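Work through the exercises below with the sequence and the structure open beside you. Try each task before you read its solution.

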Amino acid sequence: MGSNAANAQLTKKNRWERIWLLAKIEFKLRYYENRLGLLWALLKPLMQLAIYFIAFKIVMRNNIENFAIYLFAGIIVWQFFVETTGGLINILKTKKYLYEYSNMSKIEIYLASLISASLGFAFNFFILILFLIIGGIDLGWNLIYFPLIFISLFIFCFGVALILSNLYLKVKDINQFWPLISQFLMWLSPIFLSFEALKNNIPYISYLNPLFGYISTFRDVVMYNIKPDFTLVLINFAHAIIALFLGLILLRVFGKRASELL
Amino acid sequence: MNKEISIQLSNVSKTFRTSSKSFSTLRDRLINFYKKNEVKTIKALKEINLEIHAGETIGVIGRNGSGKSTLTKIMSGTFIPDRGGQVIKNGTSLLLNLGVGFSHELTARENIYVNGSTLGLRISEIDELFYEILEFSELEDFKDTKIKYFSSGMIQRLSFSIAIFAKADIIFLDEVFAVGDNKFRKKATEALKQNWLKNRTSIIVSHSTGVIKEHCDRTILLHKGELIFFGETEKALAMYEELE
């Protein structure tokens, strides 16, 4: 349609600086509004770390080495996933003020939120590196694979966010269902359970739960300094592309009517 | 007069569907699977055909619920017309509806940047215009206050002050002439004239016959979703008076 093309043009030339502006503001709103500031970003994973550590190391006495760091690495990937999927279910509603009257592309709104969450992740990642250094674990060359894994995770979360938020337009209680599904995914991820235990006991887990691959390959390159399992990397990219593809279709079908439906 | 076409609507209708409340969630759909989904349809616009030329100032008038806002939203691209209808628009457009397009969680400063950016300004341009916008809106003292603490008048003033600097070929003004107090309104109307009405395509939606009479070259009269008249403003206003 002619009108959309014209409006796309209006906002295209300053697109990236606008996405960055929105991401910065969102990040600031999230973490700088209260006295503790960025420490909040850290407090949540640290609390989870404490709980899982007590449950799985002190009570259940598992034998994973450097368990605290193992946990923290898993938790921060998981937290990024939760923030960018469940956290964005309402995005078309909360950010309606952006697209309703200016026809700004909705993709930009998603990207801004994902980038904002990535900044939070970067901060946690920095803390993880500190933990590794304190724990006497050497960082190695295999860190160069990290961007590959993160890009894949980013695309995957983007896709899931698109799917959930556009389904929300039609099915409002996806808000209630998604936490249940993500609980399921969490318990089937190697966040506190060991990679081998999951892999050996649940067939096809790497296909069924995308987080399985993301968390374990992330740990491989950051914590263990080994090459990631490229089959897993590939499977994860497939997950990411499929999610994004489905998400974009839903955006086309439902999303274009978002301002009427909400 | 320049006869270049700015906006063209052919055969545009808009139907809103309101499905009964029991079908908005998955749970309800499951529980009520044996029930039929009762869909009510409301025809907000019926087969509208019109052409607006570049540089014209067009008025849109009609009673409450006649479809004025729906029409502007369709012309601006916010709403999509029913199947079969076509909207052709040459150039970029923006819809000014005071007080929307802001996040109440953000400060005036942040809103100026976000809103300005969505209206097509570059950050460097907003940097330059920032104090001009603040000064115009008379909100210099509140630049770092979250706008949820603003009165509705303050929000309208801010919204108006950003829009006059925005860049677009076509502007839709939905009841914006009621902004602020008398003094501000005068200043705002003057700025609007200078920046928009003089040289760009403008579409003014208003209940005020005075506003329409003052600014518009031609006027669209809507009644119950139908286009009754589109032409000379005087005539449109006369017909509008008769409707009442």
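**Exercise 1. Find the partner of A:Glu108 in a salt bridge, and say where the two residues sit along the chain.**

Solution. Begin with the side chain of A:Glu108 in this predicted model, and look for a nitrogen atom close to its oxygen atoms. The partner is A:Arg18, and the closest N and O atoms of this salt bridge are 2.8 Å apart. Next, place both residues: A:Glu108 belongs to helix H7 of chain A and A:Arg18 to helix H2 of chain A, so that the pair, 90 residues apart, links distant parts of the chain. In general, side chains of opposite charge can pair when their charged atoms come close. Finally, set this pair in its context, for the structure holds 13 salt bridges over all chains.

**Exercise 2. Determine which residues A:Ile115 touches, leaving out residues up to four places away in sequence.**

Solution. First locate A:Ile115, which lies in helix H7 of chain A, a helix that covers residues 106-134. Then collect the contacts under the stated condition, which gives A:Ile19, A:Trp20, A:Ala23 and A:Phe154. As a last step, take A:Ile19 from this list and compare sequence with space: A:Ile115 and A:Ile19 are 96 residues apart along the chain, while their C-alpha atoms are separated by 8.5 Å.

**Exercise 3. Describe the fold of chain A by its elements and its dimensions.**

Solution. Counting the elements gives 14 helices and 0 strands for chain A. For the dimensions, follow the C-alpha trace along its principal axes, where chain A spans about 60 × 45 × 35 Å. Then test the overall shape: a compact globule of 262 residues would have a radius of gyration near 18 Å, and because chain A has 19 Å, the two values agree.

Now turn to the record. The unreviewed UniProt entry lists residues 36-55, 67-89, 109-137, 143-165 and 230-254 of chain A under "transmembrane region". Among these, residues 67-89 of chain A are 78% helix and 0% strand, with end C-alpha atoms 33 Å apart. For residues 230-254 of chain A, the span is 96% helix and 0% strand, and the end C-alpha atoms lie 36 Å apart.

**Exercise 4. Characterise the contact between chain A and chain B: how many residues take part, and how much area is buried?**

Solution. Start with the residues, of which chain A gives 34 and chain B gives 40. The two chains bury about 3300 Å² between them, and 58% of this area is on carbon and sulfur atoms. Next, count the salt bridges between chain A and chain B, which number 3; one of the salt bridges joins the side chains of B:Glu110 and A:Lys28, at 2.4 Å from N to O. On the side of chain A that touches chain B, the elements giving two or more residues are helices H1 (2-12), H2 (15-31), H6 (96-99) and H14 (258-261) of chain A. To finish, sort that side of chain A by class, which yields 13 nonpolar, 9 polar and 12 charged residues.

Conventions:
Residues numbered from 1 in each chain as written. Chains lettered and ligands numbered in written order. Predicted model: local features only at pLDDT ≥ 70, side-chain atom pairs only at ≥ 80, totals over all residues. Heavy atoms only, no water. Contact = heavy atoms within 4.5 Å. Buried area = accessible area lost by both parts, 1.4 Å probe. Salt bridge = Lys/Arg side-chain N within 4 Å of Asp/Glu carboxyl O. Helix = DSSP H or I, 4+ residues; strand = E, 2+ residues; numbered from the N terminus. Nonpolar A, V, L, I, M, F, W, Y, C, P; charged D, E, K, R; others polar. UniProt positions renumbered as here; feature names shortened; annotations may be inferred. Rg over C-alpha atoms; globule rule 2.2 N^0.38 Å.
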